[in-house]
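Please look through the sequence and the 3D structure below, and keep both in view while reading the paragraphs that follow.

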Amino acid sequence: MHTVAILVLDDVVPFDMAAPMQTFDWTRLPDGRRPYRVRLCAESPEVRTEGLSLRVDLGLEALETADTIIVPGRSEESGPPSGPVLDALRRAAGAGTRIASVCVGAFVLAEAGLLDGLRATTHWIAAAELARRHPRVEVLPDVLYVDNGQILTSAGAAAGLDMCLHMIRRDLGSAVAAHAARMCVVPLEREGGQAQFIVHEQPPVPRGSEMEPLLSWIEDNLAGEVTLKAMAARAGLSERTFSRRFREQTGTTPLQWLLRARVRRAQYLLENGDHSIERIARQAGFGSPTAFRERFRRVVGTTPYAYRAAFHGKPAAVADSA
């Protein structure tokens, strides 16, 4: 049997631990046999996290005999992993063991140096911090998981399921992985990546800056034709001077700011209404539904239809009581 060791550290995120535990434990071969043996291991026999404590029978030595190691995320308050934990992970990597992180568990792998020179991901809200702390890691904030062969990382929460199913498919084929997905009541593959869940905030503009009234005007007129000439005239500047000052104060170009604002408006309309895609394209100021779909997919990573299905509407198994 293939042994999966889940490394449980203090302040572990319970979902990040339980999701791979259940996914691998539910996996069955066509003849009904279990292909995976799942084990929890920890640095000390008692692991504490918010609201509960766990008794863990196996220590770090269990990593030495594992075929796959899973490192769940930990809470924001957790300190850096200990030297023995990092050394155990480095030894396992040196021995060729497959190692994967769930959510912010990527920070533990990065601390061990296992992500240096590799692409990696984590929860979108922590992606910038991972890149800041570990500049040798190429952080991809808009994907569900990254497979580098021996080392894998997943985005936040449910993306750990996607990564586990990917590993099962890699190990045992699509039929076994599809059965595991059905047991987890999730699709084997999801439409879009993590980008569809990222809150795309506009770059901050200092209060009282000369651009603040203009940006409010743009937000109020997204459905209309907003050109560089119109924005510059509104600001009382030449187009060249306006473009320079706009970038100085917002960190981006007027066109990019406008397009991002229109995508955010479209997201809001998709989340909170049932208008047609054509009407939303007009309300958000896109010239045509085709232009809207292309820009939306480029920024959000999925189609307007898929985005609406993910964020708006009733689950298929829920019916009105009336």
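A good place to begin is R48, which counts as exposed because its relative accessible area is 55%, and exposed means over 50%. The model in which this residue is seen is a predicted one. R48 takes part in a salt bridge with E46, and the closest N and O atoms of this pair are 3.9 Å apart. E46 has a relative accessible area of 33%, so this residue is described as partly exposed.

The pair just described belongs to a wider set, since a search of the whole structure finds twelve salt bridges. Another of them joins R90 to D87, with the closest N and O atoms 2.9 Å apart. Both R90 and D87 sit in helix α2, which covers residues 83-94, and they are three residues apart, about one turn of the helix. R90 counts as partly exposed because its relative accessibility is 36%, and D87 counts as partly exposed because its relative accessibility is 35%.

A further salt bridge is formed between R293 and E278, whose closest N and O atoms are 3.5 Å apart. This pair links distant parts of the chain, for R293 belongs to helix α12 (residues 289-300) while E278 belongs to helix α11 (residues 277-283), and the two are 15 residues apart. R293 has a relative accessibility of 28% and therefore counts as partly exposed, and E278, with a relative accessible area of 33%, is partly exposed. Salt bridges can also be joined into a network, as is found for E129, R132 and R133.

From these charged pairs we can turn to a residue that is covered. T23 is placed in helix α1, which runs over residues 14-26, and T23 counts as buried because its relative accessibility is 0%, where buried means under 20%. Which residues is T23 in contact with, leaving aside its neighbours within four places in sequence? They are L161, C164, L165, I168 and C184.

Several of these names lead to helix α5, in which L161, C164, L165 and I168 are among the buried residues. Helix α5 is mostly covered, with ten of its 14 residues buried. The length of this helix can be checked by a short piece of reasoning: at 1.5 Å a residue, the 14 residues of α5 (residues 159-172) should span 20 Å, and because its end C-alpha atoms are 20 Å apart, the expectation and the model agree. Just after α5 comes G173, which takes a positive phi of about 100 degrees.

Definitions and conventions
Residues numbered from 1 in each chain as written. Predicted model: local features only at pLDDT ≥ 70, side-chain atom pairs only at ≥ 80, totals over all residues. Heavy atoms only, no water. Helix = DSSP H or I, 4+ residues; strand = E, 2+ residues; numbered from the N terminus. Expected span 1.5 Å × (residues − 1). Buried < 20%, exposed > 50% of the residue type's maximum accessible area, 1.4 Å probe, protein only. Contact = heavy atoms within 4.5 Å. Salt bridge = Lys/Arg side-chain N within 4 Å of Asp/Glu carboxyl O.
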